[in-house]
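Student: Could we go through a protein model together? I would like to learn how the labels people use are justified.

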Amino acid sequence: MPILLFLIDTSASMNQRAYLGTSYLDIAKGAVEIFMKLRARDPASRGDRYMLVTFDEPPYCIKAGWKENHTTFMNELKNLQASGLTTLGQALRSSFDLLNLNRLVSGIDNYGQGRNPFFLEPSILITITDGNKLTNTAGVQEELHLPLNSPLPGSELTKEPFRWDQRLFALVLRLPGAASAEPEQLGSVPTDQSAITQMCEVTGGRSYCVRTQRMLNQCLESLVQKVQSGVVINFEKSGPDPAPIGEDGLVDSSRPINSFASQPWHSCHKLIYVRPNPKTGVPVGHWPIPESFWPDQNSPTLPPRTAHPVVRFSCVDCEPMVIDKLPFDKYELEPSPLTQYILERKSPHTCWQVFVSSSGKYSELGHPFGYLKASTTLTCVNLFVMPYNYPVLLPLLDDLFKIHKLKPNLKWRQAFDNYLKTMPPYYLLPLKKALRMMGAPNLISDNLDCGLSYSVISYLKKLSQQTKIESERIIGSVGKKVPQEIGIKVKNHSSGLSLVHSRDFKQLLQGITGKSPLRLSEMNVKEFAGFHIGLLNKVNSTVILHD
């Protein structure tokens, strides 16, 4: 079920009018409606969940969240008004916290137990803003900062505020006030130069610099295509570049290998598509992507993880390994310089092994947990996820079935026990399940140990209960209106000198009135402490000073 969260800029600058005669806020509202119509063409959209967040102060910024229906979403969208500050950082933090509300209750992130791509809540966060200076009550900010103090329990377990199945996209409205006489340039829409662009790219998304209505429609078509079920992974090259391939598809040893120059394919930050099972409609998988640490039963805490796992690939050509009945997971990579490079090598019968650094107990790089391989038709590249250290396990299992006929001797058992010592303990459960499917249910004992300390397990349970309470509080606050201000409070400056004591003020006053300044004793230096300036009364347009 994809989650589509719209974060709408409701700062006062969204009242500016474009050449179309409509305000930026009206253009943003129209963009949401166009997106929904385009998305409705896809039958899969029936499971979509829409959320609406604004730049209001939390918790009033959440207009439609987990419980609100489509009608509420549309009504709240229609009634939005632009009157506040450009508090983008706080609004993004509130949006990610809203998306993460139920994750610790459902256990979807599986902290300390490996990352399961098939446990996901694919979310697209679409911000529509005018890209103006970021402001808050303290003044203008040059850089985008998301508040570090999240009210959500357990937020310290991930370094970033987002997760690997959440991507941020931004439509930055740059429509001019007057129509241009120049003919519109066709082609792709560029990214914007505002502060949000970098944040989008970090999550695996992007920004769009929107200058015309046609551009906006083009961006919305593009965004609808981005609604994909998947998770973002950092793919990083480990070791030297591969030997170049000649025209005949064989290694060309006469061409030099340039391992030191950085290439775009050496590091790619891209999605792997996690397809739902056609029968059940939900993704199914068997093996996790390993953690970047070895679980320690004596550790009282878990090290915080990065939102996106860093998966290293070795460019040494290996033979793809599979054996009968052993399950494996297969994920297609989003097109990138890496997929292009692998496909251009035209080697569909070899693969590159993948690793997660520090996942093993005895080696820094860890052991391979799968491989990257071009499809036989050379149309895409797939990530195959296997049992941890599969090059050791698969020959052992092959011998177990073909040679030992499920009655292993002592030498085989010793080799299998040695293998288990190199495998992170959280692989024991999926391996036991896989062996049961293969017809060998008793190879691993039932008293399985996940590798986490008692204090960590207790802490995760406690977090789950705390998150439930916080979730109910936030869900209960949705729909509450921002309290109306009765006026603007006048600050008390009595601790410092009054304005009337300033020589500059006296000279300015003399310049305006032409009279000599009054003596201090004749002046009323009251600072109006505790007073409010009344807000504009729309009926008679008066400003009132009241206590």
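**Reasons behind the labels**

Tutor: Happily! Strand β13 (residues 352–355) pairs with β14 in the antiparallel sense, over three bridges. Keep in mind that this is a predicted model.

Student: What makes β13 and β14 count as a pair?

Tutor: Pairing requires at least two bridges between the strands. β13 and β14 have three bridges, so they meet the definition. Glutamine 353 stands opposite tyrosine 371 in β14.

Student: How do you know that β14 and β15 pair?

Tutor: The rule is again at least two bridges. β14 and strand β15 (residues 381–385) are joined by five bridges, in the antiparallel sense, so they count as paired. Leucine 372 stands opposite leucine 383 in β15. The two strands form a hairpin with six residues between them, and leucine 378 in the turn has a positive phi of about 60°.

Student: Why is β14 called mostly covered?

Tutor: A residue is buried when its relative accessible area is under 20%. In β14 (residues 370–374), five of its five residues are buried, so the label follows from that cut-off. Gly370, Leu372 and Ala374 point one way from the strand, Tyr371 and Lys373 point the other way, and all are buried.

Student: Why is aspartate 192 called buried?

Tutor: Aspartate 192 has a relative accessible area of 4%. Buried means under 20%, so aspartate 192 is buried. You will find aspartate 192 in the loop between β7 (166–173) and α5 (196–203). Beyond residues up to four places away in sequence, aspartate 192 touches Val172, Arg174, Thr197, Ser207, Tyr208 and Cys209.

Student: What makes the link between the side chains of aspartate 192 and arginine 174 a polar contact?

Tutor: The distance is part of the test: the N or O atoms must be within 3.5 Å, with one able to donate a hydrogen and the other to accept it. Here the two side chains make their contact at 2.9 Å, so the distance fits the cut-off.

Student: And why is proline 176 called partly exposed?

Tutor: Proline 176 has 35% relative accessibility. Buried is under 20% and exposed is over 50%, so proline 176 falls in between and counts as partly exposed. Proline 176 also lies in the loop between β7 and α5. Leaving aside neighbours within four places in sequence, proline 176 is in contact with Ala18, Tyr19 and Arg211.

How values were computed:
Residues are numbered from 1 along each chain as its sequence is written. This is a predicted model: local features need pLDDT of at least 70, side-chain atom pairs count only at pLDDT 80 or more; totals for chains, interfaces and linings use all residues. Side-chain values use heavy atoms; hydrogens and water are left out. Helices (H or I, at least four residues) and strands (E, at least two) are DSSP runs, numbered from the N terminus. Buried means under 20% relative accessible area, exposed over 50%, partly exposed in between (1.4 Å probe, protein chains only). Contact means heavy atoms within 4.5 Å.
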